[in-house]
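Got your viewer open? Load the model, pick a cartoon view, and follow along one selection at a time.

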Amino acid sequence: MGRALLEWDEWQPGLDTDDMTLAEVLATMPAAYADDVPDVIKMYENPESPDALPGAISLERLDCLHVLLGRGLHVQDEAFIIGATMGAASDINDDHVETFIRVSTTEYPKHRRFEEAHIASYRLGVGYAQDNMNGFDLHLTAFEEEPWQSMLVGDIRRKLGLAKEEM
């Protein structure tokens, strides 16, 4: 299924997607390409990088989490999603969190650089995952594959223990 023709800043899956499959919601998302991701971001967020921080995740899997957590593609949404993947990682520690904050506020390209409000979203994501994921490493779950793609979003959220009122 092809990706939608929306602009990135228009796409917002929200939390009212429970009756759609994960693949159906993903089909509404604007296309993104790995080549568009700056090298400094790949260094810390790509699971293939030797410098990757805990919770590093592929772009395909990250897209799935945007849907499951009901977040769009703005920097504050990305901050929450990255925080959630890191916060859910079983090997995360405070030094990793502080490293990510330092890198994302100083080394990321200007249009992707985190500001104070984004750090608050990032910390909310970390805290949300630590409080709700019970050590479930989100970044290690192949949401981009079957059977996840054919499952209803609401069923996946229930399986993961994701409560909409807390998201």
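Start with contacts, and keep in mind that this is a predicted model. Of the contacts in the chain with a separation of 6 or more, 71% are between residues 24 or more positions apart.

**Whole chain.** Color by secondary structure and you'll find seven helices and zero strands. Going along the sequence, that reads α-α-α-α-α-α-α. The radius of gyration is 15 Å, close to the 15 Å the globule rule gives for 167 residues, so the chain is as compact as a globular protein of that length. Draw a box along the principal axes and the C-alpha atoms fill roughly 40 × 35 × 30 Å.

**Surface.** Now switch on the accessible surface: about 8600 Å², with 49% of that belonging to carbon and sulfur atoms. As for the residues, 49% of the 167 count as buried. Try selecting the charges as well: there are 13 positive and 32 negative ones, and their mean positions are 2 Å apart.

**Largest core.** Next, go inside. Select Leu 22, Leu 68, Leu 69, Phe 143, Leu 160 and Leu 162, the residues with the most contacts inside the largest nonpolar core, which has 28 residues. Which helices each supply at least two residues of this core? Highlight α1 (22-26), α3 (59-68), α4 (75-88), α6 (116-132) and α7 (153-160). Of these, α3 gives the most, with five residues.

**Phe 143.** Zoom in on Phe 143 and show what is around it, skipping residues up to four places away in sequence. Phe 143 touches a long list of side chains and backbones' owners, including Leu 22, Arg 61, Cys 64, Leu 65, Trp 148, Gln 149 and Ile 156.

**The other core.** Apart from the largest core lies another one, of 18 residues. To find this second core, select Val 37, Val 40, Ala 79 and Ile 82, which are among its members.

**A cis bond.** Jump to the loop between α6 and α7, where Pro 147 lies. Check omega for the peptide bond joining Glu 146 and Pro 147: this bond is cis, with omega about 10°. For context, most peptide bonds are trans.

**Thr 17.** Last stop: the segment before α1, where you'll find Thr 17. Is Thr 17 buried or exposed? Its relative accessibility is 5%, and the cut-off for buried is under 20%, so Thr 17 counts as buried. Show its contacts, leaving aside neighbours within four places in sequence, and you get Val 25, Val 153 and Arg 157.

How values were computed: Residues are numbered from 1 along each chain as its sequence is written. This is a predicted model: local features need pLDDT of at least 70, side-chain atom pairs count only at pLDDT 80 or more; totals for chains, interfaces and linings use all residues. Side-chain values use heavy atoms; hydrogens and water are left out. Helices (H or I, at least four residues) and strands (E, at least two) are DSSP runs, numbered from the N terminus. The radius of gyration is taken over C-alpha atoms; the globule rule is 2.2 Å times the number of residues to the power 0.38. Buried means under 20% relative accessible area, exposed over 50%, partly exposed in between (1.4 Å probe, protein chains only). Contact means heavy atoms within 4.5 Å. Accessible areas come from the Shrake-Rupley method with a 1.4 Å probe; for residues, only the protein chains shown count as cover. Lys and Arg count as positive and Asp and Glu as negative; His and the chain ends are not counted. The place of a charge is taken as NZ of Lys, CZ of Arg, CG of Asp or CD of Glu. A nonpolar core is a set of buried Ala, Val, Leu, Ile, Met, Phe, Trp, Tyr and Cys residues joined through side-chain atoms within 4.5 Å.
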